[in-house]
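Student: I should like to examine the terms applied to this structure and the grounds on which each is assigned. Could we take them in turn?

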Amino acid sequence: MAPPGVTPRTEGKANQVGRCRNGICHGLMRAVFLDRDGVLNQAFVRNGKVYSPDTIEEMIIPPDVAPALAQLRAQGFRLVVATNQPDIARGRLTRAQVDAMNAYLRSKLPLDAIEVCAHDDVDRCDCRKPGAGLLLRAAQRDGITLDESFMVGDRWRDVAAGQAAGCANFFIDYGYDEKRPDAPYITVKSLAEASTRILGKLIQLCEYNRS
Ligand SMILES: [Mg+2]
Ligand SMILES: [Zn+2]
């Protein structure tokens with residue numbers, strides 16, 4: 001039973017609950033920003049170090065990824081990949097090879113956009129994570145409200161980029177032997193768990209906003 005004066009929650013797009021007042025929801029464009037390697041497709045770990053796939057054949061998408069993305073999209077989230085691909089700057093991969101791998105991902109997963117940083121640290125660009133450039137670019141283009149959006153990544157650079165953009169951040173902790181993110185962030189085991197947490201929180205927000 002809803003308390004007196006509170007409209008019982010009805011089914012609706014959870015995407016819109018962040019700004020619901022007195023039962024009226026105002027639409028927002030919210031996004032889930034997604035790191036690529038280690039989030040959508042598997043990364044490779046050798047001696048505690050993490051490596052990205054070099055070919056489409058090496059892109060292994062865990063079976064729970066597509067359903068998790070579909071759930072988020074069904075609630076109106078825009079799904080934007082934000083990926084560092086420094087192997088382009090380092091000459092290990094061509095831009096065309098990376099584009100082909102990204103096209104493969106888009107053929108398998110419900111993604112709205114893929115933002116790529118092709119630089120390395122020495123380039124001092126504003127888009128290489130931990131910079132927020134990839135997220136800011138997408139937000140400006142697509143009208144995304146960053147402080148109502150989320151980032152999901154498996155490395156400190158992803159979390160830092162999301163923090164710099166003003167998003168709430170999920171860290172998929174695989175125990176890599178490398179620097180960990182600075183707080184605040186939420187640790188999860190998988191994209192699917194992040195998706196569940198995001199959608200669960202939306203329901204709570206809706207309850208709070210109506211009381
Ligand atoms: Mg990654
Ligand atoms: Zn860049």
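The dialogue below sets computed values against the criteria behind the terms.

Tutor: Please note at the outset that this is a predicted model. The chain averages a pLDDT of 88, and 83% of the residues score at least 70. Over residues 1-18, however, the pLDDT is below 50, although this stretch has 36 contacts in the model beyond near neighbours in sequence. Residues 21-25 also stay under 50, with eight contacts beyond four places in sequence.

Student: What is the pattern of helices and strands along the sequence?

Tutor: The chain holds five helices and eight strands. Their succession reads β-β-β-α-β-α-β-α-β-α-β-β-α.

Student: Why does N41 count as buried?

Tutor: The criterion is 20 or more other C-beta atoms within 10 Å. N41 has 21 such neighbours, and therefore counts as buried. The residue lies in the loop between strand 1 and strand 2 (44-46). Beyond four places in sequence, N41 is in contact with R36, P53, M59, I60, I61 and L105. For N41 and L105, the separation is 64 residues in sequence and 8.4 Å in space, C-alpha to C-alpha.

Student: Why does L79 count as partly exposed?

Tutor: A residue is partly exposed when its count falls between the limits for exposed, 12 or fewer, and buried, 20 or more. L79 has 19 C-beta neighbours inside 10 Å, so the class is partly exposed. This residue is found in strand 4. Leaving aside neighbours within four places, its contacts are V32, L34, L69, L72, R73, P110, L111 and D112. Of these, P110 is 31 residues away in sequence and 7.7 Å away in space, C-alpha to C-alpha.

Student: How do you know that strand 4 pairs with strand 5?

Tutor: Pairing requires at least two bridges found by DSSP. Five bridges join strand 4 to strand 5, and the two run parallel; the requirement is therefore met. Within this pair, A82 stands opposite E115, and N84 stands opposite C117. Strand 4, helix 2 (residues 95-108) and strand 5 also make a right-handed β-α-β unit.

Student: What order do the strands of the open sheet follow, and which are its edge strands?

Tutor: Six strands form the sheet in the order 5-4-1-6-7-8, with parallel pairing. Strand 5 (113-117) and strand 8 (186-188) are called edge strands because each pairs on one side only. From one strand to the next, the twist averages 25 degrees.

Student: What makes strand 6 a partner of both strand 1 and strand 7?

Tutor: The threshold is again at least two bridges. Strand 6 shares three parallel bridges with strand 1 and four with strand 7, so both pairs qualify. V32 stands opposite F150 in strand 6, while M151 stands opposite N169 in strand 7. The chain crosses from strand 6 through helix 4 to strand 7. This crossover is called right-handed because, with the strands pointing away from the viewer, the path from the first strand over the helix to the second runs clockwise.

Student: Which way do the residues of strand 6 point, and are they buried or exposed?

Tutor: F150 and V152 point one way, M151 and G153 point the other way, and all are buried. In a regular strand the side chains alternate between the two faces of the sheet.

Student: What makes V152 notable in the largest nonpolar core?

Tutor: That core has 45 residues, and V152 is among those with the most contacts inside it, together with V32, F33, L34, L135 and F150. Beyond four places in sequence, V152 is in contact with residues including V32, L34, V39, F170 and I172.

Student: Where does helix 4 lie, and what covers its buried residues?

Tutor: Helix 4 lies across strand 1, strand 4, strand 6 and strand 7, at about 170 degrees to strand 6. Angles run from 0 to 180 degrees between N-to-C directions, so a value of about 170 degrees indicates that the helix and strand 6 point in nearly opposite directions. In helix 4 (residues 156-165), D158, V159, A160, A161, G162 and A165 are buried. Their cover includes strand 1 (31-34), strand 4 (78-84), helix 3 (133-142), strand 6 (150-153) and strand 7 (168-172). Just after the helix, G166 takes a positive phi of about 95 degrees.

Conventions
Residues are numbered from 1 along each chain as its sequence is written. Chains are lettered from A and ligands numbered from 1 in the order in which they are written. This is a predicted model: local features need pLDDT of at least 70, side-chain atom pairs count only at pLDDT 80 or more; totals for chains, interfaces and linings use all residues. Two residues are in contact if their C-beta atoms, placed from the backbone, lie within 7 Å. A nonpolar core is a set of buried Ala, Val, Leu, Ile, Met, Phe, Trp, Tyr and Cys residues joined through C-beta atoms within 7 Å. pLDDT is the predictor's confidence in each residue, from 0 to 100.
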